[in-house]
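Open your viewer, switch on a cartoon with sticks for the side chains, and keep the selection box handy. We will go from stop to stop, and at each one you get something to select and something to look for.

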Amino acid sequence: MHVDPRRAAGPDGPAGSGGAVVADPEAAPIAYEGGRLQVPDVPIVPFIEGDGTGPDIWRAAVRILDAGVRAAYGGRRRIGWLEVYAGEKAQAVRGSLLPDETLEAIRAYRVAIKGPLTTPVGGGFRSLNVTLRQQLDLYACVRPVRHFRGVPSPAVRPGDLDIVIFRENIEDTYAGIEWRADSAEAADVRAFLRQRFGIGLREDAGIGVKPMSRGGTRRLVRMAIQYALDRGRPSVTLVHKGNIMKYTEGAFRDWGYELATTDFRDRVVTWDEVVRLHGGRVPEGRLLIQDSIADIMFQHLLLRPREHSVLATPNLNGDYLSDAAAAIVGGIGMAPGANIGDGYAVFEATHGTAPKYAGLDRVNPGSVVLSGVMMLEYLGWNEAAAAVTSALEGAIADGAVTYDLARGRPDAREVPTSVFADHVVARLAR
Ligand code: NAP
(Lines give C-alpha, C1' and ligand atoms only; values in the text may rest on other atoms or scores of the structure.)
Protein backbone atom coordinates (compact mmCIF):
# COMPACT_ATOMS: atom_id res chain seq x y z
CA MET A 1 0.00 0.00 0.00
CA HIS A 2 1.22 3.49 -0.79
CA VAL A 3 1.36 5.97 2.05
CA ASP A 4 0.91 9.60 1.15
CA PRO A 5 4.03 11.51 2.30
CA ARG A 6 2.14 13.60 4.77
CA ARG A 7 -0.74 11.34 5.74
CA ALA A 8 -0.93 8.09 7.64
CA ALA A 9 -3.13 6.13 10.02
CA GLY A 10 -5.81 8.24 11.62
CA PRO A 11 -9.50 8.52 12.21
CA ASP A 12 -10.34 11.53 10.08
CA GLY A 13 -8.74 11.22 6.71
CA PRO A 14 -9.64 9.52 3.47
CA ALA A 15 -9.90 5.75 3.48
CA GLY A 16 -6.80 3.96 2.35
CA SER A 17 -4.27 6.64 3.11
CA GLY A 18 -5.33 7.00 6.75
CA GLY A 19 -6.08 10.39 8.16
CA ALA A 20 -3.67 12.15 10.50
CA VAL A 21 -1.74 14.86 8.71
CA VAL A 22 1.67 16.16 9.70
CA ALA A 23 1.09 19.72 10.87
CA ASP A 24 4.34 21.08 9.45
CA PRO A 25 3.95 21.89 5.73
CA GLU A 26 7.70 21.50 5.11
CA ALA A 27 7.82 17.97 6.51
CA ALA A 28 9.28 15.35 4.18
CA PRO A 29 10.12 11.64 4.40
CA ILE A 30 13.55 10.34 5.39
CA ALA A 31 15.23 8.51 2.51
CA TYR A 32 17.88 5.77 2.56
CA GLU A 33 20.50 5.67 -0.19
CA GLY A 34 23.87 3.95 -0.44
CA GLY A 35 23.50 2.56 3.07
CA ARG A 36 22.96 6.00 4.62
CA LEU A 37 19.92 7.88 5.85
CA GLN A 38 19.11 11.10 4.00
CA VAL A 39 17.44 13.24 6.64
CA PRO A 40 15.62 16.41 5.53
CA ASP A 41 15.51 19.44 7.84
CA VAL A 42 11.94 18.55 8.80
CA PRO A 43 11.71 14.75 8.75
CA ILE A 44 8.34 13.05 9.17
CA VAL A 45 8.56 10.84 12.25
CA PRO A 46 5.61 8.59 13.16
CA PHE A 47 4.95 8.25 16.89
CA ILE A 48 2.75 5.96 18.97
CA GLU A 49 1.98 7.52 22.32
CA GLY A 50 1.24 4.14 23.93
CA ASP A 51 -1.24 2.78 26.46
CA GLY A 52 -1.59 3.34 30.21
CA THR A 53 0.95 5.96 31.23
CA GLY A 54 2.06 6.30 27.59
CA PRO A 55 0.13 9.55 26.94
CA ASP A 56 1.51 11.10 30.17
CA ILE A 57 5.12 10.43 29.26
CA TRP A 58 4.69 11.14 25.55
CA ARG A 59 3.17 14.59 26.22
CA ALA A 60 6.23 15.39 28.34
CA ALA A 61 8.74 13.83 25.95
CA VAL A 62 7.56 15.56 22.79
CA ARG A 63 7.86 19.00 24.42
CA ILE A 64 11.37 18.18 25.64
CA LEU A 65 12.54 16.78 22.28
CA ASP A 66 11.11 19.72 20.34
CA ALA A 67 12.77 22.13 22.77
CA GLY A 68 16.09 20.30 22.32
CA VAL A 69 15.91 20.55 18.54
CA ARG A 70 14.96 24.23 18.79
CA ALA A 71 17.84 24.91 21.20
CA ALA A 72 20.33 23.26 18.84
CA TYR A 73 19.14 24.53 15.45
CA GLY A 74 16.82 27.50 16.03
CA GLY A 75 13.93 26.95 13.65
CA ARG A 76 16.04 25.48 10.85
CA ARG A 77 15.43 21.86 11.83
CA ARG A 78 12.21 20.51 13.31
CA ILE A 79 10.54 17.15 13.65
CA GLY A 80 7.34 16.63 11.65
CA TRP A 81 5.52 14.43 14.15
CA LEU A 82 2.90 12.12 12.70
CA GLU A 83 0.66 10.25 15.10
CA VAL A 84 -0.02 6.63 14.20
CA TYR A 85 -2.09 4.27 16.27
CA ALA A 86 -1.38 1.00 18.01
CA GLY A 87 -2.78 -0.65 21.14
CA GLU A 88 -5.89 0.51 22.97
CA LYS A 89 -6.16 3.85 21.14
CA ALA A 90 -5.99 2.03 17.79
CA GLN A 91 -8.70 -0.36 18.95
CA ALA A 92 -10.88 2.62 19.87
CA VAL A 93 -10.38 4.65 16.68
CA ARG A 94 -9.63 1.99 14.06
CA GLY A 95 -11.17 -1.18 15.49
CA SER A 96 -7.82 -2.99 15.47
CA LEU A 97 -4.98 -3.13 17.98
CA LEU A 98 -2.46 -2.92 15.16
CA PRO A 99 -3.86 -1.35 11.98
CA ASP A 100 -2.00 -2.05 8.73
CA GLU A 101 -1.66 1.70 8.16
CA THR A 102 0.56 1.95 11.23
CA LEU A 103 2.96 -0.64 9.88
CA GLU A 104 2.86 0.99 6.46
CA ALA A 105 3.62 4.43 7.90
CA ILE A 106 6.62 3.14 9.86
CA ARG A 107 7.87 1.34 6.77
CA ALA A 108 7.39 4.46 4.63
CA TYR A 109 9.02 6.92 7.04
CA ARG A 110 11.75 4.56 8.34
CA VAL A 111 12.27 6.07 11.79
CA ALA A 112 9.57 5.91 14.48
CA ILE A 113 9.22 6.20 18.24
CA LYS A 114 6.76 4.53 20.56
CA GLY A 115 5.55 4.53 24.13
CA PRO A 116 4.68 1.29 25.93
CA LEU A 117 1.81 -0.88 24.72
CA THR A 118 -0.40 -3.25 26.68
CA THR A 119 0.19 -6.86 25.69
CA PRO A 120 -3.25 -8.50 25.98
CA VAL A 121 -3.11 -11.94 27.54
CA GLY A 122 -4.47 -14.66 25.25
CA GLY A 123 -4.13 -15.50 21.58
CA GLY A 124 -4.93 -13.64 18.40
CA PHE A 125 -2.92 -10.47 19.00
CA ARG A 126 -0.07 -9.51 16.75
CA SER A 127 2.55 -7.78 18.88
CA LEU A 128 3.77 -4.57 17.24
CA ASN A 129 7.35 -5.22 18.31
CA VAL A 130 7.41 -8.75 16.94
CA THR A 131 5.67 -7.73 13.71
CA LEU A 132 8.00 -4.79 13.10
CA ARG A 133 11.07 -6.81 14.00
CA GLN A 134 10.13 -9.41 11.44
CA GLN A 135 8.80 -7.16 8.68
CA LEU A 136 11.55 -4.53 8.79
CA ASP A 137 14.30 -6.97 9.81
CA LEU A 138 15.22 -4.91 12.88
CA TYR A 139 18.08 -7.19 13.79
CA ALA A 140 19.70 -5.22 16.61
CA CYS A 141 18.12 -4.31 19.94
CA VAL A 142 20.22 -1.44 21.21
CA ARG A 143 20.21 -0.41 24.86
CA PRO A 144 22.55 2.31 26.17
CA VAL A 145 22.98 2.14 29.93
CA ARG A 146 24.57 4.90 31.96
CA HIS A 147 23.95 6.59 35.28
CA PHE A 148 22.47 10.05 35.73
CA ARG A 149 23.63 11.92 38.81
CA GLY A 150 20.79 12.00 41.34
CA VAL A 151 19.14 8.76 40.25
CA PRO A 152 19.03 6.38 43.23
CA SER A 153 21.05 3.22 42.54
CA PRO A 154 21.96 0.12 44.53
CA ALA A 155 25.58 0.32 43.30
CA VAL A 156 28.38 2.10 45.17
CA ARG A 157 29.77 3.77 42.03
CA PRO A 158 26.99 3.58 39.40
CA GLY A 159 28.74 6.28 37.36
CA ASP A 160 31.40 3.71 36.41
CA LEU A 161 28.87 1.88 34.24
CA ASP A 162 28.54 3.42 30.79
CA ILE A 163 27.84 0.78 28.17
CA VAL A 164 25.80 0.28 25.01
CA ILE A 165 24.41 -3.22 24.48
CA PHE A 166 23.83 -4.51 20.94
CA ARG A 167 21.66 -7.58 21.28
CA GLU A 168 20.85 -9.83 18.32
CA ASN A 169 17.13 -9.54 17.77
CA ILE A 170 16.07 -12.21 15.27
CA GLU A 171 17.82 -15.53 16.02
CA ASP A 172 18.51 -17.63 19.12
CA THR A 173 15.56 -17.43 21.54
CA TYR A 174 13.67 -14.99 19.30
CA ALA A 175 13.59 -17.51 16.47
CA GLY A 176 10.85 -19.02 18.66
CA ILE A 177 11.36 -22.60 17.50
CA GLU A 178 10.09 -24.99 20.17
CA TRP A 179 7.66 -27.84 20.71
CA ARG A 180 5.64 -28.81 23.77
CA ALA A 181 6.80 -31.97 25.51
CA ASP A 182 3.59 -33.89 24.74
CA SER A 183 3.33 -32.79 21.08
CA ALA A 184 3.73 -35.07 18.07
CA GLU A 185 6.44 -32.72 16.76
CA ALA A 186 8.53 -33.09 19.91
CA ALA A 187 8.12 -36.87 19.68
CA ASP A 188 9.32 -36.76 16.06
CA VAL A 189 12.36 -34.66 16.93
CA ARG A 190 13.23 -36.95 19.87
CA ALA A 191 12.94 -39.98 17.59
CA PHE A 192 15.09 -38.30 14.91
CA LEU A 193 17.81 -37.44 17.43
CA ARG A 194 17.78 -40.99 18.79
CA GLN A 195 17.85 -42.71 15.39
CA ARG A 196 20.19 -40.35 13.57
CA PHE A 197 22.61 -39.33 16.34
CA GLY A 198 22.06 -41.83 19.14
CA ILE A 199 20.95 -39.01 21.46
CA GLY A 200 18.45 -40.26 24.02
CA LEU A 201 16.19 -37.61 25.51
CA ARG A 202 13.54 -38.13 28.15
CA GLU A 203 10.14 -38.85 26.63
CA ASP A 204 8.68 -35.94 28.58
CA ALA A 205 11.23 -33.39 27.27
CA GLY A 206 10.04 -30.26 25.48
CA ILE A 207 12.37 -29.25 22.65
CA GLY A 208 13.72 -25.84 21.63
CA VAL A 209 16.05 -25.06 18.74
CA LYS A 210 18.70 -22.33 19.04
CA PRO A 211 19.73 -21.18 15.57
CA MET A 212 22.61 -18.69 15.30
CA SER A 213 24.08 -17.91 11.90
CA ARG A 214 27.34 -16.45 10.67
CA GLY A 215 25.49 -13.84 8.62
CA GLY A 216 23.22 -12.84 11.50
CA THR A 217 26.18 -12.56 13.86
CA ARG A 218 28.34 -10.62 11.43
CA ARG A 219 25.80 -7.89 10.73
CA LEU A 220 25.11 -7.41 14.44
CA VAL A 221 28.80 -7.23 15.34
CA ARG A 222 29.42 -4.92 12.39
CA MET A 223 26.80 -2.50 13.69
CA ALA A 224 28.33 -2.60 17.18
CA ILE A 225 31.88 -1.99 15.90
CA GLN A 226 30.79 0.82 13.58
CA TYR A 227 28.91 2.46 16.47
CA ALA A 228 32.01 2.22 18.70
CA LEU A 229 34.25 3.69 15.99
CA ASP A 230 31.82 6.51 15.15
CA ARG A 231 31.56 7.55 18.77
CA GLY A 232 35.17 7.04 19.83
CA ARG A 233 34.34 4.31 22.29
CA PRO A 234 37.36 2.25 23.44
CA SER A 235 36.18 -1.36 23.13
CA VAL A 236 33.64 -3.89 21.91
CA THR A 237 33.12 -7.01 24.04
CA LEU A 238 31.64 -10.11 22.42
CA VAL A 239 29.55 -11.78 25.13
CA HIS A 240 28.83 -15.49 24.73
CA LYS A 241 28.47 -18.83 26.45
CA GLY A 242 30.90 -20.52 24.09
CA ASN A 243 32.51 -22.69 26.74
CA ILE A 244 29.31 -24.77 26.78
CA MET A 245 27.60 -24.18 23.39
CA LYS A 246 30.51 -24.18 21.01
CA TYR A 247 28.77 -24.08 17.64
CA THR A 248 26.25 -21.37 18.46
CA GLU A 249 27.58 -19.16 21.28
CA GLY A 250 31.21 -20.10 20.61
CA ALA A 251 30.70 -19.51 16.92
CA PHE A 252 29.25 -16.07 17.75
CA ARG A 253 32.60 -15.18 19.33
CA ASP A 254 34.63 -16.65 16.46
CA TRP A 255 32.51 -15.02 13.75
CA GLY A 256 32.70 -11.73 15.64
CA TYR A 257 36.51 -11.79 15.76
CA GLU A 258 36.62 -12.89 12.12
CA LEU A 259 34.46 -9.94 11.05
CA ALA A 260 36.45 -7.50 13.18
CA THR A 261 39.83 -8.60 11.86
CA THR A 262 38.79 -8.62 8.20
CA ASP A 263 36.31 -5.79 7.64
CA PHE A 264 37.88 -3.45 10.25
CA ARG A 265 41.50 -4.71 10.21
CA ASP A 266 43.19 -1.29 10.23
CA ARG A 267 41.09 0.13 13.01
CA VAL A 268 40.87 -2.64 15.63
CA VAL A 269 43.13 -4.76 17.79
CA THR A 270 42.10 -7.98 19.53
CA TRP A 271 42.91 -8.68 23.16
CA ASP A 272 45.07 -11.59 22.05
CA GLU A 273 47.10 -9.22 19.82
CA VAL A 274 47.42 -6.72 22.64
CA VAL A 275 49.02 -9.37 24.83
CA ARG A 276 51.15 -11.02 22.12
CA LEU A 277 52.27 -8.02 20.10
CA HIS A 278 51.78 -4.82 22.07
CA GLY A 279 53.09 -5.52 25.56
CA GLY A 280 49.63 -5.49 27.11
CA ARG A 281 48.72 -1.96 25.96
CA VAL A 282 46.09 -1.07 23.37
CA PRO A 283 47.85 0.86 20.54
CA GLU A 284 46.78 4.49 20.18
CA GLY A 285 43.73 4.97 17.95
CA ARG A 286 42.71 1.30 17.86
CA LEU A 287 39.38 -0.11 19.00
CA LEU A 288 39.87 -3.08 21.34
CA ILE A 289 37.88 -6.22 20.46
CA GLN A 290 37.60 -8.57 23.43
CA ASP A 291 35.25 -11.30 24.56
CA SER A 292 33.70 -12.44 27.80
CA ILE A 293 31.72 -15.47 28.89
CA ALA A 294 28.22 -14.36 29.79
CA ASP A 295 28.26 -15.29 33.48
CA ILE A 296 31.56 -13.49 34.03
CA MET A 297 30.07 -10.48 32.24
CA PHE A 298 27.45 -10.12 34.98
CA GLN A 299 30.25 -9.96 37.56
CA HIS A 300 32.14 -7.43 35.48
CA LEU A 301 29.08 -5.17 35.24
CA LEU A 302 29.16 -4.88 39.02
CA LEU A 303 32.84 -5.23 39.85
CA ARG A 304 34.77 -3.88 36.85
CA PRO A 305 32.31 -1.91 34.71
CA ARG A 306 34.98 0.45 33.37
CA GLU A 307 36.54 -2.40 31.41
CA HIS A 308 33.55 -2.53 29.03
CA SER A 309 32.05 0.01 26.68
CA VAL A 310 30.06 -1.60 23.85
CA LEU A 311 28.72 -5.16 24.21
CA ALA A 312 27.63 -7.36 21.31
CA THR A 313 25.60 -10.33 22.45
CA PRO A 314 23.33 -13.09 21.20
CA ASN A 315 19.66 -12.72 22.00
CA LEU A 316 19.19 -14.41 25.37
CA ASN A 317 22.42 -13.21 27.02
CA GLY A 318 21.55 -9.69 25.94
CA ASP A 319 18.05 -9.94 27.34
CA TYR A 320 19.31 -10.65 30.86
CA LEU A 321 22.26 -8.28 30.64
CA SER A 322 20.17 -5.32 29.46
CA ASP A 323 17.82 -5.42 32.43
CA ALA A 324 20.55 -6.25 34.95
CA ALA A 325 22.61 -3.31 33.72
CA ALA A 326 19.58 -0.99 33.85
CA ALA A 327 18.97 -2.03 37.47
CA ILE A 328 22.54 -1.11 38.43
CA VAL A 329 22.02 2.49 37.31
CA GLY A 330 18.61 2.86 38.93
CA GLY A 331 16.00 0.88 37.03
CA ILE A 332 13.77 0.94 34.01
CA GLY A 333 12.23 4.39 34.50
CA MET A 334 15.32 5.82 32.77
CA ALA A 335 16.30 3.02 30.34
CA PRO A 336 15.90 3.75 26.62
CA GLY A 337 15.99 1.30 23.75
CA ALA A 338 15.76 0.87 20.01
CA ASN A 339 15.22 -1.86 17.46
CA ILE A 340 17.44 -1.11 14.47
CA GLY A 341 17.90 -2.67 11.03
CA ASP A 342 19.41 -1.38 7.81
CA GLY A 343 17.67 1.92 7.15
CA TYR A 344 14.86 1.34 9.66
CA ALA A 345 14.69 2.06 13.37
CA VAL A 346 12.01 2.08 16.04
CA PHE A 347 12.87 3.77 19.33
CA GLU A 348 10.96 2.96 22.50
CA ALA A 349 10.57 3.24 26.22
CA THR A 350 11.75 -0.08 27.64
CA HIS A 351 9.30 -0.21 30.55
CA GLY A 352 5.66 -1.20 30.30
CA THR A 353 2.44 0.79 30.58
CA ALA A 354 2.46 0.97 34.42
CA PRO A 355 -1.38 1.01 34.32
CA LYS A 356 -1.91 1.89 37.99
CA TYR A 357 -0.41 5.34 37.31
CA ALA A 358 -2.25 5.96 34.02
CA GLY A 359 -3.52 9.52 33.67
CA LEU A 360 -2.08 10.57 37.04
CA ASP A 361 0.75 12.67 35.60
CA ARG A 362 3.17 10.93 37.95
CA VAL A 363 5.61 8.62 36.18
CA ASN A 364 9.09 9.32 34.92
CA PRO A 365 9.28 10.30 31.23
CA GLY A 366 13.06 9.63 31.17
CA SER A 367 12.93 6.35 29.27
CA VAL A 368 10.99 7.73 26.32
CA VAL A 369 12.93 11.02 26.36
CA LEU A 370 16.22 9.14 26.22
CA SER A 371 14.82 6.93 23.43
CA GLY A 372 14.21 10.22 21.66
CA VAL A 373 17.84 11.17 22.31
CA MET A 374 18.91 7.91 20.65
CA MET A 375 16.64 8.79 17.75
CA LEU A 376 18.18 12.25 17.37
CA GLU A 377 21.65 10.65 17.31
CA TYR A 378 20.45 8.14 14.71
CA LEU A 379 19.28 11.07 12.57
CA GLY A 380 22.73 12.63 12.99
CA TRP A 381 21.30 15.49 15.07
CA ASN A 382 23.95 15.11 17.76
CA GLU A 383 23.78 18.71 18.98
CA ALA A 384 20.08 18.33 19.82
CA ALA A 385 20.73 14.95 21.47
CA ALA A 386 23.46 16.46 23.63
CA ALA A 387 21.26 19.43 24.57
CA VAL A 388 18.40 17.19 25.74
CA THR A 389 20.72 14.89 27.68
CA SER A 390 22.36 17.77 29.45
CA ALA A 391 19.03 19.45 30.31
CA LEU A 392 17.62 16.17 31.63
CA GLU A 393 20.75 15.61 33.69
CA GLY A 394 20.54 19.12 35.12
CA ALA A 395 16.86 18.81 36.00
CA ILE A 396 17.42 15.51 37.82
CA ALA A 397 20.39 16.90 39.71
CA ASP A 398 18.24 19.90 40.79
CA GLY A 399 16.09 17.47 42.78
CA ALA A 400 12.54 18.30 41.58
CA VAL A 401 11.85 14.85 40.14
CA THR A 402 9.11 12.29 39.57
CA TYR A 403 8.02 9.97 42.39
CA ASP A 404 10.31 7.08 41.45
CA LEU A 405 13.45 9.20 41.68
CA ALA A 406 12.24 11.13 44.74
CA ARG A 407 11.54 7.83 46.56
CA GLY A 408 15.20 7.05 47.16
CA ARG A 409 16.47 10.61 47.60
CA PRO A 410 15.92 12.47 50.87
CA ASP A 411 17.13 15.72 49.25
CA ALA A 412 14.58 15.52 46.40
CA ARG A 413 11.04 16.85 45.99
CA GLU A 414 8.36 14.94 44.07
CA VAL A 415 6.80 16.80 41.14
CA PRO A 416 4.32 15.65 38.46
CA THR A 417 5.55 14.41 35.07
CA SER A 418 4.44 17.65 33.42
CA VAL A 419 6.25 19.86 35.93
CA PHE A 420 9.43 17.84 35.55
CA ALA A 421 9.09 18.36 31.79
CA ASP A 422 8.62 22.14 32.38
CA HIS A 423 11.96 22.21 34.20
CA VAL A 424 13.78 20.37 31.43
CA VAL A 425 12.22 22.61 28.76
CA ALA A 426 13.12 25.73 30.76
CA ARG A 427 16.75 24.63 30.80
CA LEU A 428 16.65 24.15 27.03
CA ALA A 429 15.15 27.61 26.53
CA ARG A 430 17.99 29.37 28.39
P1 NAP B 1 5.61 -1.96 33.85
O2 NAP B 1 4.48 -1.32 33.15
O3 NAP B 1 6.98 -1.70 33.35
O4 NAP B 1 5.52 -1.48 35.37
C5 NAP B 1 6.21 -2.14 36.43
C6 NAP B 1 6.67 -1.10 37.45
O7 NAP B 1 7.80 -0.42 36.92
C8 NAP B 1 5.67 0.00 37.76
O9 NAP B 1 4.69 -0.41 38.68
C10 NAP B 1 6.63 1.02 38.33
O11 NAP B 1 7.14 0.57 39.59
C12 NAP B 1 7.81 0.92 37.38
N13 NAP B 1 7.67 1.81 36.21
C14 NAP B 1 7.26 1.50 34.95
N15 NAP B 1 7.28 2.57 34.17
C16 NAP B 1 7.73 3.61 34.93
C17 NAP B 1 7.98 4.98 34.69
N18 NAP B 1 7.78 5.54 33.49
N19 NAP B 1 8.40 5.74 35.71
C20 NAP B 1 8.61 5.20 36.92
N21 NAP B 1 8.41 3.91 37.22
C22 NAP B 1 7.98 3.11 36.23
O23 NAP B 1 5.45 -3.56 33.90
P24 NAP B 1 4.15 -4.46 34.05
O25 NAP B 1 3.27 -3.88 35.13
O26 NAP B 1 4.65 -5.82 34.21
O27 NAP B 1 3.42 -4.37 32.66
C28 NAP B 1 2.27 -3.56 32.40
C29 NAP B 1 1.87 -3.70 30.92
O30 NAP B 1 2.92 -3.22 30.09
C31 NAP B 1 1.61 -5.15 30.46
O32 NAP B 1 0.51 -5.15 29.60
C33 NAP B 1 2.88 -5.52 29.71
O34 NAP B 1 2.64 -6.51 28.76
C35 NAP B 1 3.22 -4.20 29.07
N36 NAP B 1 4.64 -4.05 28.68
C37 NAP B 1 4.89 -3.39 27.52
C38 NAP B 1 6.21 -3.16 27.13
C39 NAP B 1 6.44 -2.41 25.84
O40 NAP B 1 5.52 -1.99 25.18
N41 NAP B 1 7.70 -2.22 25.43
C42 NAP B 1 7.28 -3.58 27.93
C43 NAP B 1 6.98 -4.23 29.13
C44 NAP B 1 5.66 -4.45 29.52
P45 NAP B 1 6.62 1.09 41.03
O46 NAP B 1 5.13 0.92 41.06
O47 NAP B 1 7.34 0.17 41.97
O48 NAP B 1 7.04 2.48 41.18
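Start with the ligand and helix α13: with 3 residues, α13 gives the most to the shell around the ligand. This is a predicted model, so please read every distance on the tour as a computed value.

**Stop 1: the ligand shell**

Which elements give two or more residues to the shell around the ligand? Select β17 (345-349) and α13 (403-407), and you have them. Now widen the selection to the 21 residues around the ligand; those that come nearest are Leu117, Gly352, Ala354, Tyr357 and Tyr403. Colour the shell by residue type and it divides into 9 nonpolar, 7 polar and 5 charged residues.

Next, draw some distances to the oxygen atoms of the ligand:

- From tyrosine 403, a polar side-chain atom lies 2.5 Å from a ligand oxygen.
- From tyrosine 357, an N or O atom of the side chain is 2.7 Å from an oxygen of the ligand.
- From arginine 407, a side-chain N or O atom is 3.1 Å from a ligand oxygen.

Turn on a surface here as well: on its own the ligand has 880 Å² of accessible area, and the protein covers 67% of that.

**Stop 2: the nonpolar cores**

Hide the ligand and select Trp81 and Ile225. These two have the most contacts inside the largest nonpolar core, a set of 82 residues. Add helix α1 (residues 54-73), which gives the most to this core, with 10 residues. A second core lies apart from the largest one; it has 21 residues, and you can find it by selecting Ile44, Tyr109, Leu136 and Val346, which are among them.

Now centre on isoleucine 225. Which residues does it touch, once those up to four places away in sequence are left out? Show Val236, Leu259, Ala260, Phe264, Val268, Leu287 and Ile289 as sticks, and you have the answer.

**Stop 3: three buried residues with polar or charged side chains to inspect**

Go to helix α5 (residues 184-197) and pick arginine 190. Is arginine 190 buried or exposed? Arginine 190 counts as buried because its relative accessible area is 5%, and the cut-off for buried is under 20%. Beyond its neighbours within four places in sequence, arginine 190 is in contact with Ala181, Ile199, Leu201, Arg202, Glu203, Ala205 and Ile207.

Threonine 248 comes next, in the loop between β12 (235-240) and α7 (249-263). Its relative accessibility is 16%, so threonine 248 counts as buried. Select Lys210 and Met212 to see what threonine 248 is in contact with, apart from neighbours within four places in sequence.

Then move to asparagine 317 in helix α10 (residues 315-328). Asparagine 317 is buried too, at 10% relative accessibility. Setting aside residues up to four places away in sequence, asparagine 317 touches Val239, His240, Lys241, Glu249 and Ala294. For a sense of scale, draw a line from asparagine 317 to glutamate 104: their C-alpha atoms are 32 Å apart, with the two positions 213 residues apart in sequence.

**Stop 4: two backbone angles**

Most residues other than glycine have a negative phi. With that in mind, check two aspartates.

Aspartate 137 has a positive phi, near 55 degrees. Look for aspartate 137 in the loop between α4 (128-135) and β8 (140-146); at 32% relative accessibility, it counts as partly exposed.

Aspartate 172 also has a positive phi, of about 55 degrees. You will find aspartate 172 in the loop between β9 (162-168) and β10 (177-179), where it counts as buried at 4% relative accessibility.

**Stop 5: towards the outside**

Select arginine 281, in the loop between α8 (271-277) and β14 (287-293). Arginine 281 counts as exposed, because its relative accessibility is 65% and the cut-off for exposed is over 50%. From arginine 281 to tryptophan 271 the C-alpha distance is 9.3 Å, and the two are 10 residues apart in sequence.

Finish at alanine 426 in helix α14 (residues 417-429). Alanine 426 is partly exposed, with 41% relative accessibility. One last line to draw: the C-alpha atoms of alanine 426 and glycine 250 are separated by 50 Å, and the two residues are 176 apart along the chain.

Key
Residues are numbered from 1 along each chain as its sequence is written. This is a predicted model: local features need pLDDT of at least 70, side-chain atom pairs count only at pLDDT 80 or more; totals for chains, interfaces and linings use all residues. Side-chain values use heavy atoms; hydrogens and water are left out. A nonpolar core is a set of buried Ala, Val, Leu, Ile, Met, Phe, Trp, Tyr and Cys residues joined through side-chain atoms within 4.5 Å. Buried means under 20% relative accessible area, exposed over 50%, partly exposed in between (1.4 Å probe, protein chains only). Helices (H or I, at least four residues) and strands (E, at least two) are DSSP runs, numbered from the N terminus. Contact means heavy atoms within 4.5 Å. A residue is near a molecule or strand if one of its heavy atoms lies within 4 Å of it. A polar contact is a pair of N or O atoms within 3.5 Å; within protein, one must be able to donate a hydrogen and the other to accept it, and residues adjacent in sequence count only if both atoms are side-chain atoms. Accessible areas come from the Shrake-Rupley method with a 1.4 Å probe; for residues, only the protein chains shown count as cover. Ala, Val, Leu, Ile, Met, Phe, Trp, Tyr, Cys and Pro count as nonpolar, Asp, Glu, Lys and Arg as charged, and the others, Gly among them, as polar.
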